[in-house]
Each structure stands twice: as structure tokens, then as C-alpha cells.
Amino acid sequence: TATEEEDDERLFDADVEDGNLDQPSEGSVEQDLVWPVQSVESFFEAAATTDEMKLRYNEFMLECASNGASEETCARNERERLMMNRNQPQAMTNFTTLGYAKVPIPEGAFAILSDFWHNAKKEISQE
């Protein structure tokens, strides 16, 4: 809707004013060598980014627009993708200091799952 697009533009404008748009975080330059992860600018400015990689990215953006979306929509979606890549990792909480931990399943839970599996596998059918 128009209101959602206006809200997107206001958020984008606020990010530009705050200097948050396309400001890669520490270490992101290495991530942006093959495809823009956090910043289109760092991707295009990286010494290791070849002309072929830049061409592939530009063709990707043009293809978006040729598939029925407006250039504005494609550009906005790309800005949102890059912004999400920059901001989402900071907002996530790990369950352990390393992220996830592999631990043995409690015996009671394993028994419930095992019973279900053994009973349900008799009724497996082709869908």
C-alpha cells in the first residue's frame, strides 16, 4: 500500500540521515567480495571484486526490473536485504556462547518420539 511504501521511504531516509545506510560492519569487506552482503559500495570498491562479478550483480538487478517489478521496487528490496544483513545478526541471541549446543535428548522425550515413530511408520503411504 501507499502507506507502507511511505513508511519504507521514511525509514530509508532516516537511515541515510543517521549514516546507517551502506555502512558495513567490522569485517564485512571480506564478506562483500563475491556478492554484496552488507554494502554495494564495498563490493564495487574491493580490489578483489572482478569486472565479471560487478557485471553479474548489475545484470541481476536489471533482471529484477525486467521481470515486472519497477526499478524502484528492486532497489528498495536490495536496500532492505543489505540492511537486514547488517542489523539482524546484532539482534539475535545465542542459546549458548557458541550458538547451538548438541546435547543428548532426555530419555522421556526420546521414548515419546520413538513410540510415535514406531506406531506411525506402519501407516506410511505414498502421497
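Helices here are DSSP runs of H or I at least four residues long, numbered from the N terminus. Keep that in mind, and remember that you're looking at a predicted model.

**Warm-up: the overall layout**

Work out how many helices and strands the protein has, and what share of its residues is buried.

Solution. Start with the elements: there are 6 helices and 0 strands. Reading along the sequence, you get the pattern α-α-α-α-α-α. Now for burial, where the cut-off is under 20% relative accessible area. Of the 127 residues in the protein, 20% are buried.

**Salt bridges in H5**

Find the salt bridges, and say how far along helix H5 the partners sit from each other.

Solution. Here's the idea to begin with: side chains of opposite charge can pair when their charged atoms come close. The cut-off is a nitrogen-to-oxygen distance within 4 Å, and the count comes to 2 salt bridges.

Take Glu80 and Arg76 to start. Their closest N and O atoms are 3.9 Å apart, so by the 4 Å rule they form a salt bridge. These two are 4 residues apart in helix H5, which means about one helical turn separates them. Check their surroundings too: Glu80 is partly exposed at 34% relative accessibility, while Arg76 is buried at 15%.

Next come Arg81 and Glu78, whose closest N and O atoms are 2.8 Å apart in their salt bridge. They're 3 residues apart in H5, again about one helical turn. Arg81 is partly exposed at 28%, and Glu78 is buried, with a relative accessible area of 7%.

Why do such spacings suit a pair? An α-helix has 3.6 residues a turn, so residues three or four places apart point the same way.

**The largest nonpolar core**

List the residues of the largest nonpolar core and name the helix that gives the largest share.

Solution. The core has 7 residues: Val40, Phe43, Met53, Tyr57, Met61, Cys74 and Leu82. Next, sort them by helix: H3 (40-45), H4 (51-66) and H5 each supply at least two. H4 gives the largest share, with 3 residues. As background, nonpolar side chains tend to be buried together in soluble globular proteins.

**A closer look at H4**

Check whether the length of H4 agrees with its residue count, then decide where its buried and exposed residues lie.

Solution. Length comes before sides. H4 has 16 residues, and at 1.5 Å a residue they should span 22 Å; the end C-alpha atoms are 22 Å apart, so the two agree.

Now the sides. The buried residues of H4 are Met53, Lys54, Tyr57 and Met61. They cover an arc of only 105° around the axis, so they sit on the same side of H4. On the other side, Asp51, Glu52, Leu62 and Ser66 are exposed.

One more residue to place: Cys64 lies in H4, and its 25% relative accessibility makes it partly exposed. Cys64 and Cys74 are 10 residues apart along the chain, and their C-alpha atoms are separated by 6.2 Å.

**A patch on the surface**

Identify the residues of the nonpolar surface patch and locate Ile105.

Solution. The patch is formed by Ile105, Phe110 and Leu113, which together have about 310 Å² of accessible area. Now locate Ile105: it's in the loop between helix H5 (71-91) and helix H6 (107-120). Finally, with 43% relative accessibility, Ile105 counts as partly exposed.

Definitions and conventions
Residues numbered from 1 in each chain as written. Predicted model: local features only at pLDDT ≥ 70, side-chain atom pairs only at ≥ 80, totals over all residues. Heavy atoms only, no water. Patch = residues over 30% accessible without salt bridge, like charges linked within 9 Å, V, L, I, M, F, W, Y side chains within 5 Å. Areas by Shrake-Rupley, 256 points an atom, 1.4 Å probe, with all protein chains shown as cover. Salt bridge = Lys/Arg side-chain N within 4 Å of Asp/Glu carboxyl O. Buried < 20%, exposed > 50% of the residue type's maximum accessible area, 1.4 Å probe, protein only. Core = buried A, V, L, I, M, F, W, Y, C linked by side-chain atoms within 4.5 Å. Expected span 1.5 Å × (residues − 1). Arc of directions from axis to C-beta.
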